[in-house]
Amino acid sequence: MENVSRRKWFKSAAGLTVGFVSIPALVDQLMAAPVSEAERLHTSSILKDGIVRLGSNENPYGPSPKAREAIVASLNEGNRYAFEATTSFKKFLAQKEGVTPDHIMIGNGSSELLCVAGIGVGLEGKRVVSPFPTFRLLMDFAERMGATWDRVDVNGKLELDLEKIASAVRSDTRMIFLVNPNNPTGTLIDFNAYQNFCEEMAKKTTVYSDEAYLEFVEPSQQRSMVELIKKGSDVIVSRTFSKIYGLAGLRLGYVIAQPDRIKQMSKYQMGGGININQAVLAAAKACVDDTTFMKMTREKNATARKVLEDYLTKRNISFGKSHINLLFFPAPVDGKTILAQTEEAGYQIRVWDYAGKEWCRVSIGTQEEMQGFVTALDKIL
Ligand SMILES: Cc1ncc(COP(=O)(O)O)c(C=O)c1O
């Protein structure tokens, strides 16, 4: 695979086997979408052997020992579709979240649910408002299905600008999409302010609160918007097992919402257990309350993040105050060069276009990986 772009390889392989004209569009849906012109132009392989993955906000310490054990045990069920296991997991989650199973929808990663929600918004032909930059999958799918995406720039501290978001809501806004803490900026807004905002906005339109990184916040400060759902608000909360739980490659996420919203979203999903595998259900159940593993991840992540924070501070490069497993900062050299040169040095990162500038988003790996990355970055600069 060396010297061949994964995207190009996938396109040609899919083209050869299927010979279907709309394959490139399909491929673009399946691959992580480029978030900058530099990424569109960058064609080297993201599968290069031994590359340190600082591009997808994964947990370098996962899966937890408890999850690993459960995965092995689950192999006995590997010949069976996960119908019952999915139903029983939904009940388990409902109990954990304090809602009914009708409030829950399970997906093959939370990405599946973001796509499904985006398709719904698009097919209903309306508008979606979100901060920018943010995790754009829902809006990408909404736009593909005919919706308009109203983007509201984050403020000077790279935080969601709630006032501006509120002003962008129109009578035909179908959904507000928010991520707190946000990807790619890593910033967190105060949970009281956030909750008041979600509660007020949900009187006008559906509010989607993506909580993919909530568990990176200290437990005493973690506050989920599920509380609003329990009070009847039109809020959708999504969570994933890909981040702090370290199960990104096994794929499991879920949303909590009013039962009517769940029914509406379910129309666009191939659900019912056929989309989920036995191994991930077993793993998730085994590690969802593993506070020791989560604490270890939070602590190691903070120590490793500090390695890069200290370096950026030393170089006078500003960055968003990150509460999660990434840092976002203005690209110190042009995006195409930094992508090529960090990859050459053995590190995969992302480059974003935002506010007329290029920005690096670097996921936090282990402490050793971050030390290596800083040394490589220093040579490039
Ligand atoms: C904010 C946010 N939501 C959702 C996802 C999707 O995660 P998954 O599909 O692995 O659950 C990501 C992945 O990076 C993310 O950053």
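**Exercise 1. Locate N316 and classify its backbone and exposure.**

Solution. Start with position: N316 sits in the loop between α13 and β9 (326–330). This is a predicted model. Next, take the backbone: phi of N316 is near 65°, a positive value in a residue other than glycine. Most residues other than glycine have a negative phi. Last, check exposure. The relative accessibility of N316 is 73%. The cut-off for exposed is over 50%, so N316 counts as exposed.

**Exercise 2. Do the same for L158.**

Solution. Phi of L158 is near 65°, again a positive value in a residue other than glycine. L158 is placed in the loop between β4 and α8 (162–168). Is L158 buried or exposed? Its relative accessible area is 7%. Buried means under 20%, so L158 is buried.

**Exercise 3. Find two cis peptide bonds and place their prolines.**

Solution. One cis bond joins F132 and P133, with omega about 0°. P133 belongs to the loop between β3 and α7. Another cis bond runs from N183 to P184, with omega near 20°. P184 belongs to the loop between β5 and α9 (191–201). Most peptide bonds are trans.

**Exercise 4. Trace the seven-stranded sheet, then place two helices on it.**

Solution. Write down the strand order: β2-β8-β7-β6-β5-β3-β4, an open sheet with mixed pairing. Mark the edges: β2 and β4 (148–153) each pair on one side only. From one strand to the next, the twist averages 20°.

Now take one pair. β5 and β6 are parallel and share five bridges. L178 stands opposite S209 in β6.

Add the helices. α6 lies across β2, β3 (127–132), β5, β6, β7 and β8. Its direction is at about 115° to β2. Helix α7 (residues 137–144) also packs on the sheet and touches β3, β4, β5 and β6. The direction of α7 makes about 150° with that of β3.

**Exercise 5. Work out which way helix α11 faces.**

Solution. List the buried residues of α11 (residues 259–266): R261, I262 and M265. Seen down the axis of α11, these buried residues fall within an arc of 100°, so they line one face of the helix. An α-helix has 3.6 residues a turn, so residues three or four places apart point the same way. Now turn to the other side of α11: D260 and K263 are exposed there.

What do the buried residues of α11 pack against? Their partners are the strands β2 (104–107), β5 (173–179), β6 (206–210), β7 (235–240) and β8 (253–256), together with helix α6 (110–123).

**Exercise 6. Describe the largest cavity.**

Solution. Count first: there are three cavities of 30 Å³ or more. The largest has a volume of about 90 Å³. Then name the lining. Among its residues are V116, A117, G120, V121, R174, M175, R261 and M265. Sort by element: α6, β5 and α11 each give two or more residues. Which element gives the most? α6 does, with four residues.

**Exercise 7. Describe the second largest pocket.**

Solution. Its volume is about 340 Å³. The lining holds 18 residues, and K96, E215, Q222, R239 and Y245 lie nearest the centre. At least two lining residues come from each of α5 (83–97), α10 (226–230) and α13 (291–314). α13 gives the most, with three residues.

**Exercise 8. Characterise G372.**

Solution. G372 lies in helix α15 (residues 367–380). Its relative accessible area is 21%, so G372 is partly exposed. Finally, compare chain and space: G372 and L326 are 46 residues apart along the chain, and their C-alpha atoms are separated by 16 Å.

Note on methods:
Residues are numbered from 1 along each chain as its sequence is written. This is a predicted model: local features need pLDDT of at least 70, side-chain atom pairs count only at pLDDT 80 or more; totals for chains, interfaces and linings use all residues. Side-chain values use heavy atoms; hydrogens and water are left out. Buried means under 20% relative accessible area, exposed over 50%, partly exposed in between (1.4 Å probe, protein chains only). The arc is that of the directions from the helix axis to the C-beta atoms. Contact means heavy atoms within 4.5 Å. Two strands pair if DSSP finds at least two bridges between them. Axes are lines fitted to C-alpha atoms, for helices over the stretch in contact, and angles run from 0 to 180 degrees between N-to-C directions. On a 1 Å grid over the protein atoms alone, a cavity is a set of points where a 1.4 Å probe fits but cannot get out, and a pocket is an open set with protein on both sides within 12 Å along at least five of seven lines; lining residues have an atom within 4 Å of a point. Grid points are joined across faces, edges and corners, and a volume is the space filled by probe spheres set on the points.
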